[in-house]
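Student: Please take one part of this model, the spaces around which its residues are arranged, and give me a close look at it. I would like one connected account rather than a list.

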Amino acid sequence: MSITLFGTAGSTCTSLVLTTLFEKQVQDFVLKNVNLAKGEHKKPEYLKLQPFGVIPVLQDGDLTIFESRAIARYVSDKYEGQGTPLLGKTEKERALVNQWLEVESQNYYPVVSSIAYQLVFGPRRGLKPDEKVVEQQLEKFEKILDIYEEHLAKNEYLAGNFFSLADLSHIPYTYLLLHQAKKGEGITSRKHVKAWWDKISSRPSWKQLLDLRAQS
């Protein structure tokens, strides 16, 4: 029985799950598009799958799971024996992957998503960006990136010298920050952060995701 993923390739959160599936070389899955413009994510039949009315949702047999990070971990764990070992191979590696996954969700994401809301998502709804909020969040982001720069000066990737789910989890929103919000100076101006970003954003899995977006 194939996995069914409800979402859209243009969504940052769905992109995280799709890129994870690609990294794990999972071919037996179906992407069912949820049309956000038509409010399909708020309809009763979808709310039975995701009571908060957001995407994505994954169904695997009798399991229904939502929240993109939880889905990505599930996929990484279920298909541990194939594709890229995204969770690490040893106890130490797994601990470091989990640590940097928490850093992404608790430190990196809140700031980047706030900038994205002001400069990308809000304007799509006709809202004017609050430049003060953008400035404040960019100041926070600079401090976060200083920590990343120091860490990546000693490590090729976040959890060590191997690509993991911790790195992958940064890709969708960072790509949006650079290419839609046009606020990527903090990334590109730091030698080691830029080198890290260039490596993770050029992976075949992310290119496959971008190709899928272009076809949607």
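**Cavities, pocket and a helix contact**

Tutor: The second largest cavity has a volume of about 40 Å³, where a cavity is a set of points on a 1 Å grid over the protein atoms alone at which a 1.4 Å probe fits but cannot get out, and a volume is the space filled by probe spheres set on the points, which are joined across faces, edges and corners. The model is predicted, so local features need pLDDT of at least 70 and side-chain atom pairs count only at pLDDT 80 or more, while totals for chains, interfaces and linings use all residues. Residues are numbered from 1 along each chain as its sequence is written, and side-chain values use heavy atoms, with hydrogens and water left out.

Around this second largest cavity stand Lys24, Ser76, Asp77 and Glu80, together with Thr84, Pro85, Leu86, Leu87 and Gly88, each with an atom within 4 Å of a point. That lining is made up of three nonpolar, three polar and three charged residues, where Asp, Glu, Lys and Arg are charged, Ala, Val, Leu, Ile, Met, Phe, Trp, Tyr, Cys and Pro are nonpolar, and the others, Gly among them, are polar.

When the whole structure is searched, three cavities of 30 Å³ or more are found, and the largest has a volume of about 90 Å³. Its lining brings together Thr12, Cys13 and Leu16 with Ser68, Arg69, Glu104, Tyr109, Ser169, Pro172 and Tyr173. The elements that contribute two or more residues are α1 (12–23), α3 (68–78), α4 (91–124) and α7, helices being DSSP runs of H or I with at least four residues, numbered from the N terminus. The largest share, three residues, comes from α1. Sorted by class, the lining of this largest cavity holds five nonpolar, three polar and two charged residues.

From the cavities we can turn to the largest pocket, whose volume is about 890 Å³; a pocket is an open set of points with protein on both sides within 12 Å along at least five of seven lines. It is lined by 29 residues, of which Ser11, Thr12, Leu36, Ile55 and Phe121 are the closest to its centre. Thr12, then, is among these residues of the pocket and also belongs to the lining of the largest cavity. In the pocket lining, too, two or more residues are given by each of α1, α3, α4 and α7, but here the largest share, four residues, comes from α4. The pocket lining divides into twelve nonpolar, eleven polar and six charged residues.

Helix α7 deserves a last look, as it contributes both to the lining of the largest cavity and to that of the largest pocket. The axis of α7 (residues 171–179) comes within 12 Å of the axis of α10 (residues 204–215), and the two cross at roughly 60°; such axes are lines fitted to C-alpha atoms over the stretch in contact, with angles from 0 to 180 degrees between N-to-C directions. Ile171, Pro172 and Tyr175 on the α7 side meet Trp206, Leu210 and Arg213 on the α10 side, contact meaning heavy atoms within 4.5 Å. Five of the residues in this contact are nonpolar, none is polar and one is charged. Pro172 therefore has two places in this account by the contact definition of heavy atoms within 4.5 Å and the lining definition of an atom within 4 Å of a point: Pro172 meets α10 and Pro172 lines the largest cavity.
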